[in-house]
Amino acid sequence: MTERGQDPFSAAPHAGAKKGPDPFSRREVLRLGALAAGAVATRGMRAARRPDVLLIAIDDQNSWLGHLGVHPSARTPHLDALAGRGTTFTNAHCQAPLCNPSRTSLMTGLRPSSSGIYGLAPWFRTVPELRQRVTLPQAFAAAGYRTAATGKVYHGGQARQASDPPEFAVWGPPGGLGARPPSKLIPPTPMGNHPAMDWGCFPHRDEDKGDYQITDWAIRQLLDAPPDQPQFLAVGYYLPHVPCYATQRWFDLYPDDDRLLPPVRRDDRRDTPDFSWYLHWDLPEPRLRWLEESGQWRHLVRSYLACTSFVDAQIGRLLAGLQASGRADDTIVVVCGDNGFHLGEKLISGKNTLWDEGTRVPLIFAGPGVSRRGRCRQPAELLDVFPTLLELCDLPPRPDQEGRSLLPQLRLASTPRRQPAITTHNQGNHGIRSERYRYIQYADGSAEFYDCHSDPHQWTNLIADSRYADLIAAHRRWLPHPDRPPAPGSAERVLTYDADSDTATWENRTTIHRGDRAP
């Protein structure tokens with residue numbers, strides 16, 4: 001049970017918090033909103049003003065949200081309610097299963113295969129041809145919007161450096177993990193015992209977490225927004241990215257037993273190409289074997305779910321602040337993850353794969369111009385967010401965008417889409433996801449093909465089944481062009497392949513030969 005039986009999804013402070021009113025509790029936010037109601041009423045009709053935008057990004061958030069029905073125990077009531085008053089895309093995918101290239105793609109409107117941004121470096125502004133690229137917030141600033149951001153919106157801190165024009169006009173707290181235990185909570189992990197490879201519960205308060213603090217700041221931006229200027233506010237949550245720490249109240253939502261574990265097959269990699277291992281060759285995220293041998297698998301899954309519910313509660317506070325601001329009816333809310341996350345599936349943990357577990361993300365739109373209670377099964381891409389927001393806000397379309405507006409699906413969720421979702425992880429490695437099928441092609445030409453309706457866990461590779469030859473060919477036609485090599489300065493989780501020697505190079509330091517045993 002949670003402390004004193006309190007609903008852990010309430011925005012009120014929990015027992016043990018500092019005495020006195022929490023200025024960002026749901027009650028106080030609503031009180032402030034009531035005090036501001038008179039001022040809001042005097043602003044006059046705002047029909048001519050474009051809608052506000054609230055963009056919410058959640059780091060490493062996979063599809064384990066309640067309304068998506070992927071994990072039966074996931075508790076995310078605030079995101080579920082938001083999906084109910086808008087449209088959710090149940091088949092949405094990132095452009096890269098890694099933070100920097102995924103966020104760069106969303107913000108620039110370019111595929112990783114077009115930009116050459118594949119790793120955790122470089123910051124895209126250091127690439128000469130991208131130096132003057134107009135990003136999503138810059139496009140809104142040029143249209144007269146006040147732009148503000150807090151938390152992890154871009155990867156790394158370089159976006160906050162002075163630039164002309166700036167990425168955002170106003171920067172709030174950088175967020176991040178916040179409180180840490182004095183030492184790691186789990187045993188040393190393979191491949192370097194990385195400090196981020198940790199999870200569990202230790203004595204601390206929700207208020208000590210970076211995600212709580214950025215929510216406080218973002219609520220203030222909503223309440224104090226200029227009355228006569230539209231606002232583009234981006235809020236980037238760090239959790240459930242590792243290390244997955246949460247307070248006890250969130251762990252209490254999930255039983256400490258094997259019912260939480262996702263289904264896996266011990267022979268799941270028997271029919272995947274060798275190259276599928278190359279994409280996550282030497283990473284700090286532990287393999288399933290270590291998680292089981294060390295008794296950490298269930299602990300990791302429970303920690304991830306607890307962190308997901310904690311972030312959901314922060315989004316609940318944020319949306320309460322939006323409601324109190326008096327501008328909720330004039331605000332387009334978008335929620336997305338930046339990549340998926342394996343928790344034992346395909347015998348690994350982490351991201352850096354081209355299966356659904358590594359690419360599928362939440363994608364929710366709500367607000368003016370968006371149908372309520374919509375559930376779209378058509379493939380969608382994070383790349384589509386940029387052109388969709390331009391169209392929803394009646395801004396001029398940009399011909400340099402590689403995504404396509406989702407407005408037809410936001411009006412009627414059953415509207416078909418011709419194009420699939422395309423994910424790239426390093427040059428030559430692409431996943432093509434249609435409504436029913438997934439095709440994967442690796443840089444050495446090896447491939448996989450799955451019927452995701454009859455085989456939702458992608459356990460049976462159909463690439464050699466001649467009955468699917470035409471479907472495979474149809475998916476292959478969507479492989480992206482151009483397919484650029486890594487941009488100058490590329491580093492961290494970068495893989496290259498040399499066809500002449502049939503060798504791959506991992507992070508410019510390890511040569512992988514055909515038949516090498518994966519670490």
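Here is a walk through a few spots in this structure, which is a predicted model.

Let's begin with Tyr304, a residue of helix H10, which spans residues 297-325. Is Tyr304 buried or exposed? Its relative accessibility is 0%, so Tyr304 counts as buried, because buried means under 20% relative accessible area. So who surrounds it? If you skip the neighbours within four places in sequence, Tyr304 is in contact with Asp60, Gln61, Asn62, Trp64, Pro240, Cys244, Phe341 and Leu343. Pick out Asn62 from that list, and you'll find its backbone nitrogen 2.9 Å from a polar atom of the Tyr304 side chain. You can also compare sequence with space here: Asn339 is 35 residues away from Tyr304 in sequence, and the two C-alpha atoms are 14 Å apart.

Another name in the list of Tyr304 contacts deserves a stop: Pro240. Pro240 sits in the loop that runs between strand E7 (231-237) and strand E8 (244-245). Look at the peptide bond leading into Pro240 from Leu239: this bond is cis, with omega near 15°.

There's a cis peptide bond between Ala121 and Pro122 too, with omega at about 10°. Where is Pro122? You'll find Pro122 in the loop between H4 and H5.

Stay in that loop for a moment, since Arg125 is also found between helix H4 (112-115) and helix H5 (136-142). With a relative accessible area of 12%, Arg125 is buried, because the cut-off for buried is under 20%. What does the side chain of Arg125 reach? One target is the backbone oxygen of Arg131, at 3.0 Å. The Arg125 side chain also makes a polar contact with the side chain of Glu167, at 2.8 Å. Leaving out neighbours within four places in sequence, the full set of residues in contact with Arg125 is Leu130, Arg131, Gln132, Arg133, Thr135, Gln138 and Glu167.

Next come some backbone angles. Asp394 isn't a glycine, yet its phi is positive, at about 60°. Asp394 belongs to the loop between helix H12 (385-392) and helix H13 (407-411). Its relative accessible area is 61%, so Asp394 is exposed, because exposed means over 50%. Asn426 isn't a glycine either, and its phi is positive at about 75°. Asn426 lies in the loop between strand E15 (421-424) and strand E16 (430-433). Is Asn426 buried or exposed? Asn426 counts as buried, because its relative accessibility is 0%.

Our last stop is a hairpin. Strand E17 (residues 437-441) pairs with E18 in the antiparallel sense, over five bridges. One of the bridge partnerships joins Tyr437 to Asp451 in E18. The hairpin has five residues between its strands, and there Gly445 takes a positive phi near 95°.

How many residues of strand E18 (447-451) are buried? The count is five of its five residues, so this strand is mostly covered, because each one falls under the 20% cut-off. In a regular strand, side chains alternate between the two faces of the sheet. On one side of E18 are Ala447, Phe449 and Asp451, while Glu448 and Tyr450 are on the other. These residues are all buried, so both faces of E18 are covered.

Methods
Residues are numbered from 1 along each chain as its sequence is written. This is a predicted model: local features need pLDDT of at least 70, side-chain atom pairs count only at pLDDT 80 or more; totals for chains, interfaces and linings use all residues. Side-chain values use heavy atoms; hydrogens and water are left out. Helices (H or I, at least four residues) and strands (E, at least two) are DSSP runs, numbered from the N terminus. Buried means under 20% relative accessible area, exposed over 50%, partly exposed in between (1.4 Å probe, protein chains only). Contact means heavy atoms within 4.5 Å. A polar contact is a pair of N or O atoms within 3.5 Å; within protein, one must be able to donate a hydrogen and the other to accept it, and residues adjacent in sequence count only if both atoms are side-chain atoms. Two strands pair if DSSP finds at least two bridges between them.
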